[in-house]
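Student: Got a minute to go through a structure with me? I'd like to talk about how its parts fit together.

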There are 2 protein chains.
Amino acid sequence: MNIENTKAQMKKGVLEFCILSILSHGENYPSEIIEKMKEAKLIVVEGTLYPLLMRLKNDGLLSYRWEESTSGPPRKYYKLTPVGEQFLKELDTTWKELVEAVNKTTNRTSQNG
Amino acid sequence: MNIENTKAQMKKGVLEFCILSILSHGENYPSEIIEKMKEAKLIVVEGTLYPLLMRLKNDGLLSYRWEESTSGPPRKYYKLTPVGEQFLKELDTTWKELVEAVNKTTNRTSQNG
DNA sequence: TGTAGTACCTTGTATCACATAGTACTAAAA
DNA sequence: TTTTAGTACTATGTGATACAAGGTACTACA
């Protein structure tokens with residue numbers, strides 16, 4: 001048992017939320033997403049991001065378009081669908097509730113019996 | 001893909017933190033922990049809690065003592081070990097960093113190229 | 001002996017992040 | 001054309017974890 005493992009576990013479910021949030025500000029292709037996550041101190045690797053994007057796309061939360069690149073293979077630019085935007089709103093609420101719940105258990109003793 | 005599933009995923013790793021926090025305020029037996037989590041709107045079931053407590057105990061973060069009960073079988077009262085207290089401090093930092101990281105990706109656009 | 005309530009424990013499943021390896025496109029050099 | 005380097009997308013296998021479902025065991029009461 002170590003902190004790194006726990007940190008990885010805490011990230012589960014949160015990545016989805018972060019990625020949708022990033023895409024809610026505009027189109028991005030995977031490498032850009034990884035870069036923006038890194039800026040926020042959330043390290044994500046390709047093996048994590050690609051399956052996640054595929055999952056979100058298959059569930060109708062994301063759509064993408066191909067765009068040629070002058071420095072390599074074409075890129076997949078992802079963006080939110082209306083369903084994705086709705087889902088993001090719910091995730092936002094879910095996240096806030098979780099933060100509040102964690103704060104309750106960690107700050108307060110709740111020793112009332 | 002639904003919110004409930006995502007909620008379950010977000011809880012991963014966070015439960016450990018919450019349980020250690022609750023126990024940092026004093027001894028508790030599993031049913032009490034479930035009750036306190038429920039008060040904070042974090043629903044945890046036995047099948048989740050028992051293996052988790054056992055894991056934390058095997059890793060030296062928790063210890064327990066048996067206590068007789070007048071209303072059923074004896075109870076296992078868990079409490080933090082010194083190692084557990086140290087680990088909790090690190091988890092506290094980890095959690096704060098995660099919250100900050102998520103807030104960065106969700107509030108700011110970070111559109112700088 | 002039987003029933004209800006409480007408490008602890010185990011097994012199997014689904015999901016997810018990650019390590020690792022592979023495929024494919026562009027550009028530059030031989 | 002072939003080779004090498006860089007960029008980008010994809011697939012497979014592993015470990016960790018929350019949960020559903022079922023099981024065991026103790027106490028109190030009829």
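**Chains and DNA strands**

Tutor: Sure. About 4100 Å² is buried between chain B and chain A, and carbon and sulfur atoms give 67% of that area. Keep in mind that this is a predicted model.

Student: OK, so how many residues does each chain put into that contact?

Tutor: Chain B brings 45 residues and chain A brings 45 residues.

Student: And how many salt bridges does the rule find across the interface of chain B and chain A?

Tutor: There are 2 salt bridges. In one with A:Glu97 and B:Lys7, the closest N and O atoms sit 3.9 Å apart. The cut-off there is 4 Å. As for polar contacts, the count between the two chains is 3 residue pairs, with both residues at pLDDT 80 or more.

Student: Which elements of chain B give two or more residues to the side that touches chain A?

Tutor: On chain B those are α1, α2, α3 (30-39), α4 and α5 (82-107). The most comes from α5(B), with 14 residues. Sorted by class, that side of chain B has 19 nonpolar, 14 polar and 12 charged residues.

Student: Switching to symmetry: what rotation superposes chain B on chain A?

Tutor: It takes a rotation of 179° with 0.0 Å of shift along its axis, and the RMSD is 0.1 Å. That is the relation of a two-fold axis.

Student: Why do the copies meet through the same surface?

Tutor: Because 100% of the interface residues of chain B are also interface residues in chain A.

Student: Let's go to the DNA. Which residues are closest to DNA strand D?

Tutor: The closest are A:Tyr50, A:Pro73, A:Arg75, A:Lys76 and B:Lys11, out of 31 residues that surround DNA strand D. By class, the surface near DNA strand D divides into 12 nonpolar, 11 polar and 8 charged residues.

Student: What share of the DNA strand D atoms within 4 Å of the protein is sugar or phosphate?

Tutor: That share is 74%, and the rest belong to bases. On the phosphate side, a polar backbone atom of A:Lys76 is 2.6 Å from a phosphate oxygen of DNA strand D.

Student: And which side chains come up for the bases of strand D?

Tutor: A:Glu46 is one: a polar atom of its side chain lies 3.2 Å from a base nitrogen of DNA strand D. B:Lys12 is another, with an N or O atom in its side chain 3.1 Å from a base oxygen of DNA strand D.

Student: Where in the chains does the surface near DNA strand D come from?

Tutor: From chain A, α1 (3-11), α3 (30-39), α4 (46-58) and β2 (75-80) each supply at least two residues. From chain B, α1 (3-11), α2 (14-24) and α4 (46-58) each do so too.

Student: Now the other strand. How many residues surround DNA strand C?

Tutor: There are 29, the closest being A:Lys11, A:Lys12, B:Tyr50, B:Arg75 and B:Lys76. Sugar and phosphate make up 72% of the DNA strand C atoms that come within 4 Å of the protein.

Student: What do B:Tyr50 and B:Arg75 do there?

Tutor: An N or O atom in the side chain of B:Tyr50 is 2.8 Å from a phosphate oxygen of DNA strand C. For B:Arg75, a side-chain N or O atom is also 2.8 Å from a phosphate oxygen of that strand. Over on chain A, a polar backbone atom of A:Gly13 is 3.4 Å from a phosphate oxygen of DNA strand C.

Key: Residues numbered from 1 in each chain as written. Chains lettered and ligands numbered in written order. Predicted model: local features only at pLDDT ≥ 70, side-chain atom pairs only at ≥ 80, totals over all residues. Heavy atoms only, no water. Near = heavy atom within 4 Å. Polar contact = N/O pair within 3.5 Å; in protein donor to acceptor, adjacent residues only side chain to side chain. Helix = DSSP H or I, 4+ residues; strand = E, 2+ residues; numbered from the N terminus. Nonpolar A, V, L, I, M, F, W, Y, C, P; charged D, E, K, R; others polar. Contact = heavy atoms within 4.5 Å. Buried area = accessible area lost by both parts, 1.4 Å probe. Salt bridge = Lys/Arg side-chain N within 4 Å of Asp/Glu carboxyl O. Least-squares fit on C-alpha atoms with pLDDT ≥ 70 in both.
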